[in-house]
Amino acid sequence: SAAELGLMTNNDSSSTVLYRTDAHSGTDPDVGTTERHSAGIDLTQKVYAVCELTFHASGSTDDLKVALYRRLDSSWDGDELALLSTTIDSDGSEDLWSFVIGPDFGPGHYRFGLQSSGATNSFDINLVARLARYEVGAE
């Protein structure tokens with residue numbers, strides 16, 4: 001457990017919106033065949049993020065491709081290589097996915113890339129992050 005490892009956390013219970021389409025009361029465009037990027041997450045100060053994604057493409061069974069990008073500064077120029085990427089299976093109804101960006105990824109600025117695996121251009125997205133600070137406690 002975190003306590004056994006001497007890891008102390010201070011959770012921030014508020015959520016930061018990273019990407020939100022109109023179906024979730026946001027203004028970002030629906031996700032489709034062109035990769036869309038989320039807002040950035042600043043994890044330069046011993047912080048980790050719990051990211052929660054809700055997505056829905058009415059009736060479509062195309063999957064959602066998600067990539068995680070990292071930079072040391074906040075200047076995104078579009079030629080970053082993904083640290084990791086995954087495809088989330090969609091059954092045509094609302095789907096949920098969560099991901100933790102922790103200390104093993106290193107300090108930096110992060111953002112997600114979102115894209116349909118097929119021809120669907122109407123993925124509705126709600127992607128939020130909750131931040132938590134960590135520090136190593138004395139043993």
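Is Glu 52 buried, partly exposed or exposed? Select Glu 52 to start. Glu 52 counts as partly exposed, because its relative accessibility is 32% and the partly exposed class lies between 20% and 50%. Keep in mind throughout that this is a predicted model.

**Stop 1: the whole chain**

Zoom out and colour by secondary structure. The chain has 9 strands and 0 helices. Read along the sequence, the pattern is β-β-β-β-β-β-β-β-β. Of the 139 residues, 40% count as buried.

Now switch on the surface. The accessible surface comes to about 7700 Å². Carbon and sulfur atoms account for 46% of that surface.

Next, think about contacts along the chain. Take the contacts with a separation of 6 or more: residues 24 or more positions apart account for 80% of them.

**Stop 2: strand S4**

Select residues 47-56. This is strand S4, and it is mostly covered. Of its 10 residues, 7 are buried.

Add residues 95-101, which form strand S7. S4 and S7 pair in the antiparallel sense, over 7 bridges. To see how they line up, pick Val 50, which stands opposite Val 100 in S7.

Stay on S4 and pick Thr 54. Is Thr 54 buried or exposed? Thr 54 is buried, because its relative accessible area is 16% and the limit for buried is under 20%. Show what surrounds it. Beyond its neighbours within four places in sequence, Thr 54 is in contact with His 24, Glu 94, Asp 95, Leu 96, Asp 124, Ile 125 and Asn 126.

**Stop 3: the nonpolar core**

Hide the surface and show side chains. The largest nonpolar core has 25 residues. Select those with the most contacts inside it: Ile 41, Cys 51, Leu 53, Ile 101, Phe 112, Ile 125 and Leu 127.

Which strands supply at least two residues each of this core? They are S1 (7-20), S3 (41-43), S4, S5 (64-71), S7, S8 (108-116) and S9 (124-136). S4 gives the most, with 5 residues. In soluble globular proteins, nonpolar side chains tend to be buried together.

Pick Leu 127 from that list. Leave aside its neighbours within four places in sequence. Leu 127 is then in contact with Thr 16, Val 17, Leu 18, Tyr 19, Ser 38, Cys 51, Glu 52, Leu 53, Phe 112 and Leu 114. Cys 51, Leu 53 and Phe 112 are among these contacts.

**Stop 4: the aromatic rings**

Show the rings. How many aromatic pairs does a search of the whole structure find? It finds 6. One of them joins Phe 99 and Phe 112. Their ring centres are 6.4 Å apart, and the planes meet at 85°, an edge-to-face arrangement. This pair links distant parts of the chain. Phe 99 is in strand S7 and Phe 112 is in strand S8, 13 residues apart. Both residues are buried.

Widen the selection to Trp 97, Phe 99, Phe 105, Tyr 110 and Phe 112. Together they form one aromatic cluster.

**Stop 5: the charged pairs**

Side chains of opposite charge can pair when their charged atoms come close. A search of the whole structure finds 5 salt bridges.

Return to Glu 52 and add Arg 130. Their side chains meet in a salt bridge, 2.9 Å from N to O. Here too, distant parts of the chain are linked. Arg 130 is in strand S9 and Glu 52 is in strand S4, 78 residues apart. Arg 130 is partly exposed, with a relative accessible area of 28%.

Move on to Arg 71. It forms a salt bridge with Asp 73, with the closest N and O atoms 3.2 Å apart. Arg 71 also forms one with Asp 77, where the closest N and O atoms are 3.8 Å apart. Salt bridges that share partners join Arg 71, Asp 73, Asp 77, Glu 80 and Arg 111 into one network. Within that network, Asp 73 is partly exposed, with a relative accessible area of 35%.

**Stop 6: a loop glycine**

Finish at Gly 78. It is found in the loop between S5 and strand S6 (82-88). Gly 78 counts as exposed, because its relative accessibility is 56% and exposed means over 50%. Now add His 37 and draw a distance. The two C-alpha atoms are separated by 9.5 Å, though Gly 78 and His 37 are 41 residues apart along the chain.

Methods: Residues numbered from 1 in each chain as written. Predicted model: local features only at pLDDT ≥ 70, side-chain atom pairs only at ≥ 80, totals over all residues. Heavy atoms only, no water. Buried < 20%, exposed > 50% of the residue type's maximum accessible area, 1.4 Å probe, protein only. Helix = DSSP H or I, 4+ residues; strand = E, 2+ residues; numbered from the N terminus. Pairing = 2+ DSSP bridges. Contact = heavy atoms within 4.5 Å. Core = buried A, V, L, I, M, F, W, Y, C linked by side-chain atoms within 4.5 Å. Phe/Tyr/Trp six-rings, centres within 6.5 Å; stacked < 30°, edge-to-face > 60°. Areas by Shrake-Rupley, 256 points an atom, 1.4 Å probe, with all protein chains shown as cover. Salt bridge = Lys/Arg side-chain N within 4 Å of Asp/Glu carboxyl O.
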